[in-house]
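Subject: The structure we talked about

Hi there,

Here is the structure I promised to pass on. Have a look at it first, and then read on for my notes on what turned up.

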Amino acid sequence: MEHKGRRLFIVRHAERVDFTFGDWISFCFDKSGNYKRTNLNMPESVPHRIGGPRDFFKDCPLTKIGLYQATLTGEAMKKSGVVFSHVYCSPSLRCIETCTAILKASGNYHTLINVEPGLFEWLAWYHDGMPKWMTLQELKSYGFNICMDYKPVITVDELQGKLEPSEQYYMRSLCTTETILKRTGAAGKTILLVGHAATLDTCTRQLVGNPPRNGQELQSLVYHIPYCSVAMAEEEDGKWKLAEPPFPSLMHSNNARFDWTCLLS
(Lines give C-alpha, C1' and ligand atoms only; values in the text may rest on other atoms or scores of the structure.)
Protein backbone atom coordinates (compact mmCIF):
# COMPACT_ATOMS: atom_id res chain seq x y z
CA MET A 1 0.00 0.00 0.00
CA GLU A 2 1.41 3.39 -1.02
CA HIS A 3 2.15 5.79 1.80
CA LYS A 4 0.16 9.00 1.29
CA GLY A 5 2.26 11.36 3.44
CA ARG A 6 5.80 12.60 2.98
CA ARG A 7 8.73 10.28 3.59
CA LEU A 8 12.32 11.03 4.52
CA PHE A 9 15.07 8.48 3.84
CA ILE A 10 18.43 9.06 5.57
CA VAL A 11 21.40 6.92 4.48
CA ARG A 12 24.91 6.59 5.87
CA HIS A 13 27.69 6.55 3.28
CA ALA A 14 29.21 3.21 2.22
CA GLU A 15 32.62 1.70 3.05
CA ARG A 16 35.40 4.32 2.97
CA VAL A 17 38.96 3.75 1.80
CA ASP A 18 40.79 5.19 4.81
CA PHE A 19 38.93 3.18 7.45
CA THR A 20 39.65 0.06 5.41
CA PHE A 21 43.29 0.63 4.42
CA GLY A 22 44.59 3.17 6.92
CA ASP A 23 47.21 5.55 5.54
CA TRP A 24 46.39 4.63 1.93
CA ILE A 25 47.61 7.94 0.48
CA SER A 26 51.28 7.24 1.27
CA PHE A 27 51.36 4.00 -0.73
CA CYS A 28 48.84 4.74 -3.49
CA PHE A 29 50.37 7.95 -4.88
CA ASP A 30 53.87 8.48 -6.26
CA LYS A 31 55.92 11.66 -5.83
CA SER A 32 54.22 13.20 -8.85
CA GLY A 33 50.77 12.58 -7.37
CA ASN A 34 49.86 9.75 -9.72
CA TYR A 35 47.42 7.23 -8.25
CA LYS A 36 47.95 3.47 -8.35
CA ARG A 37 45.49 0.92 -6.98
CA THR A 38 47.30 -1.50 -4.66
CA ASN A 39 44.32 -3.64 -3.69
CA LEU A 40 41.30 -4.86 -5.66
CA ASN A 41 38.99 -3.17 -3.17
CA MET A 42 40.45 0.23 -3.92
CA PRO A 43 38.90 2.52 -6.54
CA GLU A 44 40.28 2.10 -10.06
CA SER A 45 40.69 5.86 -10.32
CA VAL A 46 40.19 8.90 -8.10
CA PRO A 47 39.31 12.53 -8.87
CA HIS A 48 42.04 15.07 -9.46
CA ARG A 49 42.30 17.38 -6.44
CA ILE A 50 43.52 20.98 -6.52
CA GLY A 51 45.65 20.41 -3.44
CA GLY A 52 46.97 17.06 -4.65
CA PRO A 53 46.62 13.69 -2.91
CA ARG A 54 46.66 15.23 0.59
CA ASP A 55 43.19 16.65 -0.07
CA PHE A 56 41.97 13.06 0.31
CA PHE A 57 43.28 12.96 3.89
CA LYS A 58 39.92 13.87 5.47
CA ASP A 59 37.82 13.47 2.35
CA CYS A 60 38.43 9.99 1.03
CA PRO A 61 36.54 8.05 -1.67
CA LEU A 62 34.65 4.78 -1.35
CA THR A 63 36.11 1.35 -1.78
CA LYS A 64 34.85 -0.89 -4.57
CA ILE A 65 32.88 -2.82 -1.96
CA GLY A 66 31.46 0.51 -0.82
CA LEU A 67 30.21 1.26 -4.32
CA TYR A 68 28.61 -2.18 -4.39
CA GLN A 69 26.98 -1.58 -0.99
CA ALA A 70 25.45 1.63 -2.28
CA THR A 71 24.34 -0.10 -5.47
CA LEU A 72 22.63 -2.89 -3.52
CA THR A 73 20.85 -0.26 -1.43
CA GLY A 74 19.67 1.57 -4.55
CA GLU A 75 18.47 -1.66 -6.15
CA ALA A 76 16.44 -2.46 -3.03
CA MET A 77 14.87 0.99 -3.20
CA LYS A 78 13.92 0.46 -6.84
CA LYS A 79 12.29 -2.90 -6.10
CA SER A 80 10.32 -1.20 -3.32
CA GLY A 81 9.09 1.51 -5.68
CA VAL A 82 10.96 4.34 -3.96
CA VAL A 83 11.16 7.41 -6.21
CA PHE A 84 12.90 10.50 -4.85
CA SER A 85 11.52 13.97 -5.42
CA HIS A 86 14.53 15.72 -3.86
CA VAL A 87 18.07 14.63 -2.93
CA TYR A 88 20.47 16.28 -0.46
CA CYS A 89 23.98 15.15 0.37
CA SER A 90 26.88 15.96 2.67
CA PRO A 91 29.82 17.52 0.78
CA SER A 92 32.09 14.60 1.72
CA LEU A 93 33.29 12.70 -1.35
CA ARG A 94 32.32 9.36 0.19
CA CYS A 95 28.75 10.65 0.57
CA ILE A 96 28.60 12.08 -2.96
CA GLU A 97 29.77 8.72 -4.36
CA THR A 98 27.29 6.82 -2.20
CA CYS A 99 24.46 9.11 -3.25
CA THR A 100 25.37 8.79 -6.95
CA ALA A 101 25.50 4.98 -6.81
CA ILE A 102 22.15 4.84 -5.00
CA LEU A 103 20.50 7.12 -7.53
CA LYS A 104 21.86 5.15 -10.49
CA ALA A 105 20.75 1.80 -9.09
CA SER A 106 17.34 3.04 -7.94
CA GLY A 107 16.45 4.61 -11.27
CA ASN A 108 16.57 8.13 -9.80
CA TYR A 109 19.75 9.30 -11.54
CA HIS A 110 17.96 12.19 -13.24
CA THR A 111 17.35 13.75 -9.80
CA LEU A 112 19.99 16.40 -9.10
CA ILE A 113 22.13 16.17 -5.96
CA ASN A 114 21.92 19.22 -3.72
CA VAL A 115 25.20 19.46 -1.81
CA GLU A 116 24.28 20.52 1.74
CA PRO A 117 27.12 21.25 4.21
CA GLY A 118 24.56 21.18 7.03
CA LEU A 119 24.52 17.38 6.63
CA PHE A 120 28.22 17.02 7.45
CA GLU A 121 29.06 15.02 10.55
CA TRP A 122 29.86 16.19 14.08
CA LEU A 123 32.49 18.94 14.05
CA ALA A 124 33.89 17.73 17.39
CA TRP A 125 35.64 14.99 15.41
CA TYR A 126 37.53 17.67 13.42
CA HIS A 127 39.18 19.71 16.18
CA ASP A 128 42.45 19.57 14.20
CA GLY A 129 40.98 21.07 11.04
CA MET A 130 38.18 20.59 8.53
CA PRO A 131 38.37 18.57 5.30
CA LYS A 132 39.12 20.26 1.98
CA TRP A 133 36.07 19.32 -0.03
CA MET A 134 35.83 19.37 -3.81
CA THR A 135 34.04 22.41 -5.21
CA LEU A 136 30.70 22.06 -6.98
CA GLN A 137 32.45 22.66 -10.30
CA GLU A 138 35.03 19.95 -9.56
CA LEU A 139 32.28 17.49 -8.65
CA LYS A 140 30.33 18.38 -11.79
CA SER A 141 33.41 18.08 -13.99
CA TYR A 142 34.14 14.63 -12.58
CA GLY A 143 30.69 13.45 -13.66
CA PHE A 144 28.51 13.81 -10.57
CA ASN A 145 24.96 15.03 -11.21
CA ILE A 146 25.24 18.15 -9.04
CA CYS A 147 22.72 21.00 -8.78
CA MET A 148 24.87 24.06 -9.41
CA ASP A 149 22.42 26.74 -8.21
CA TYR A 150 21.34 25.18 -4.91
CA LYS A 151 21.54 27.56 -1.96
CA PRO A 152 22.55 25.51 1.12
CA VAL A 153 20.84 25.82 4.47
CA ILE A 154 24.25 26.06 6.15
CA THR A 155 27.30 27.17 4.20
CA VAL A 156 30.81 25.73 4.34
CA ASP A 157 32.06 28.96 5.92
CA GLU A 158 29.56 28.61 8.77
CA LEU A 159 31.11 25.26 9.71
CA GLN A 160 34.70 26.47 9.86
CA GLY A 161 36.44 26.79 13.22
CA LYS A 162 33.46 25.80 15.36
CA LEU A 163 33.61 24.00 18.69
CA GLU A 164 30.34 22.10 18.47
CA PRO A 165 28.80 20.35 21.49
CA SER A 166 26.59 17.39 20.63
CA GLU A 167 23.44 19.39 21.40
CA GLN A 168 24.52 22.04 18.88
CA TYR A 169 25.18 19.33 16.29
CA TYR A 170 21.63 18.06 16.82
CA MET A 171 20.28 21.59 16.43
CA ARG A 172 22.26 22.10 13.20
CA SER A 173 20.91 18.84 11.82
CA LEU A 174 17.35 19.67 12.86
CA CYS A 175 17.60 23.13 11.30
CA THR A 176 18.88 21.59 8.07
CA THR A 177 16.14 18.95 7.97
CA GLU A 178 13.28 21.27 8.86
CA THR A 179 14.42 23.89 6.35
CA ILE A 180 14.61 21.27 3.60
CA LEU A 181 11.11 20.05 4.49
CA LYS A 182 9.80 23.62 4.52
CA ARG A 183 11.43 24.51 1.21
CA THR A 184 10.15 21.42 -0.59
CA GLY A 185 6.69 21.47 0.99
CA ALA A 186 4.10 19.18 -0.57
CA ALA A 187 6.39 18.70 -3.60
CA GLY A 188 8.90 16.92 -1.32
CA LYS A 189 7.00 13.65 -1.44
CA THR A 190 10.02 11.40 -0.87
CA ILE A 191 13.30 13.02 0.14
CA LEU A 192 16.74 11.41 0.32
CA LEU A 193 19.44 12.65 2.71
CA VAL A 194 22.89 11.05 2.41
CA GLY A 195 25.26 11.72 5.26
CA HIS A 196 27.16 9.99 8.03
CA ALA A 197 26.45 7.45 10.77
CA ALA A 198 25.12 10.01 13.24
CA THR A 199 23.02 11.71 10.54
CA LEU A 200 20.39 8.98 10.82
CA ASP A 201 19.73 10.07 14.41
CA THR A 202 20.54 13.79 14.38
CA CYS A 203 18.22 14.49 11.45
CA THR A 204 15.28 12.54 12.90
CA ARG A 205 15.46 12.51 16.70
CA GLN A 206 14.01 15.95 17.37
CA LEU A 207 11.85 15.78 14.27
CA VAL A 208 9.89 12.94 15.89
CA GLY A 209 9.75 14.67 19.29
CA ASN A 210 12.72 13.31 21.22
CA PRO A 211 15.43 15.38 22.96
CA PRO A 212 19.04 15.52 21.67
CA ARG A 213 21.48 12.92 22.98
CA ASN A 214 24.57 13.95 24.91
CA GLY A 215 28.03 13.39 23.45
CA GLN A 216 28.62 10.05 25.17
CA GLU A 217 25.27 8.68 24.03
CA LEU A 218 25.90 9.83 20.47
CA GLN A 219 29.35 8.25 20.27
CA SER A 220 27.93 4.98 21.60
CA LEU A 221 25.10 5.03 19.08
CA VAL A 222 27.21 5.45 15.93
CA TYR A 223 28.86 2.06 16.50
CA HIS A 224 25.45 0.50 15.86
CA ILE A 225 25.02 2.23 12.49
CA PRO A 226 27.09 0.38 9.85
CA TYR A 227 27.79 1.41 6.28
CA CYS A 228 24.72 2.12 4.13
CA SER A 229 22.32 1.93 7.06
CA VAL A 230 18.95 3.46 6.20
CA ALA A 231 16.52 5.27 8.49
CA MET A 232 13.06 6.32 7.36
CA ALA A 233 10.69 8.89 8.85
CA GLU A 234 7.06 9.23 7.77
CA GLU A 235 4.69 12.15 8.15
CA GLU A 236 1.13 11.50 9.25
CA ASP A 237 -1.30 14.31 10.06
CA GLY A 238 1.53 16.81 10.31
CA LYS A 239 3.60 14.70 12.72
CA TRP A 240 6.73 12.68 11.96
CA LYS A 241 7.56 9.21 13.24
CA LEU A 242 10.31 6.66 12.59
CA ALA A 243 9.21 3.60 10.64
CA GLU A 244 10.79 0.46 9.22
CA PRO A 245 12.17 0.97 5.68
CA PRO A 246 10.36 -1.05 2.99
CA PHE A 247 13.43 -3.18 2.21
CA PRO A 248 15.96 -5.27 4.20
CA SER A 249 19.14 -3.91 5.76
CA LEU A 250 22.62 -4.75 4.48
CA MET A 251 25.18 -6.93 6.27
CA HIS A 252 28.34 -8.75 5.23
CA SER A 253 31.39 -10.21 6.95
CA ASN A 254 34.86 -8.71 7.20
CA ASN A 255 37.53 -9.93 4.79
CA ALA A 256 41.15 -9.40 5.86
CA ARG A 257 44.03 -8.52 3.53
CA PHE A 258 45.65 -11.67 2.06
CA ASP A 259 49.43 -11.90 1.93
CA TRP A 260 50.42 -14.69 -0.45
CA THR A 261 53.90 -14.96 1.11
CA CYS A 262 52.38 -16.77 4.08
CA LEU A 263 52.35 -19.82 1.79
CA LEU A 264 56.15 -19.74 1.59
CA SER A 265 56.74 -20.53 5.25
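**The strand β1 and its neighbours**

Let me start with β1 (residues 7–12), which runs parallel to β4 (residues 190–195) and is joined to it by 6 bridges. Please keep in mind throughout that this is a predicted model. Within that pairing, Leu8 has Ile191 of β4 as its bridge partner, and Arg7 stands opposite Thr190 in β4.

β1 is also joined to β5, this time by 5 bridges, and these two strands run antiparallel. Two of the pairs to look for are Val11 with its bridge partner Val230 in β5, and Phe9 with its bridge partner Met232 in β5.

If you colour β1 by side-chain direction, you will see Arg7, Phe9 and Val11 pointing one way, while Leu8, Ile10 and Arg12 point the other way. That fits a general pattern: in a regular strand, side chains alternate between the two faces of the sheet. In β1, 6 of the 6 residues are buried, so the strand is largely enclosed by the rest of the structure. Note that the buried residues include the two arginines, Arg7 and Arg12.

**The whole sheet**

Stepping back, β1 belongs to an open sheet of 6 strands with mixed pairing, in the order β3-β2-β4-β1-β5-β6. At the edges stand β3 (113–115) and β6 (239–243); each has a single partner strand, so one side of each is left without a neighbour in the sheet. On average, neighbouring strands of this sheet are turned by 25° against each other, direction ignored. As a reminder, strands of a sheet pair through backbone hydrogen bonds, and they may do so parallel or antiparallel.

The β5 end of the sheet deserves a visit too. Strand β5 (residues 230–236) has 6 of its 7 residues buried, so it is largely enclosed by the rest of the structure. β5 runs antiparallel to β6, and 5 bridges join the two; among the pairs, Ala233 has Leu242 in β6 as its bridge partner. β5 and β6 form a hairpin with 2 residues between them, and Asp237 in that turn has a positive phi of about 55°.

Helix α4 (residues 93–106) lies across β1, β2 (86–89), β3 and β4, and it runs at about 145° to β4.

**Salt bridges**

How many salt bridges does a search of the whole structure find? It finds 9, and here are three of them that I looked at more closely.

In the pair formed by Asp18 and Arg16, the closest N and O atoms are 2.7 Å apart. Asp18 counts as buried, at 15% relative accessibility, and Arg16 also counts as buried, at 7%.

Glu121 and Arg94 meet through their side chains in another salt bridge, at 3.0 Å from N to O. This pair links distant parts of the chain, with Glu121 in the loop between β3 and α5 and Arg94 in helix α4, 27 residues apart. Glu121 is buried, with a relative accessible area of 9%, and Arg94 counts as buried at 0% relative accessibility. So α4, the helix that lies across four of the strands named above, also carries a partner of this salt bridge.

The third is between Asp128 and Lys58, whose closest N and O atoms are 3.1 Å apart. Here, too, distant parts of the chain are linked: Asp128 sits in the loop between β3 and α5 (136–141) and Lys58 in the loop between α2 (24–28) and α3 (64–79), 70 residues apart. Are these two partners buried or exposed? Asp128 counts as exposed, at 53% relative accessibility, whereas Lys58 counts as buried, at 16%.

**A patch on the surface**

Finally, turn the model to find Phe258, Trp260, Leu263 and Leu264, which make a nonpolar surface patch of about 550 Å². Trp260 lies in the segment after β6. Trp260 is exposed, with a relative accessible area of 55%, which is over the 50% that the term requires.

Happy to go through any of this with the model open on screen.

Best wishes

Terms used
Residues are numbered from 1 along each chain as its sequence is written. This is a predicted model: local features need pLDDT of at least 70, side-chain atom pairs count only at pLDDT 80 or more; totals for chains, interfaces and linings use all residues. Side-chain values use heavy atoms; hydrogens and water are left out. Two strands pair if DSSP finds at least two bridges between them. Axes are lines fitted to C-alpha atoms, for helices over the stretch in contact, and angles run from 0 to 180 degrees between N-to-C directions. Contact means heavy atoms within 4.5 Å. Patches are made of residues with over 30% relative accessible area and no salt bridge: like charges are joined within 9 Å, nonpolar side chains (Val, Leu, Ile, Met, Phe, Trp, Tyr) within 5 Å. Accessible areas come from the Shrake-Rupley method with a 1.4 Å probe; for residues, only the protein chains shown count as cover. A salt bridge is a side-chain nitrogen of Lys or Arg within 4 Å of a carboxyl oxygen of Asp or Glu. Buried means under 20% relative accessible area, exposed over 50%, partly exposed in between (1.4 Å probe, protein chains only).
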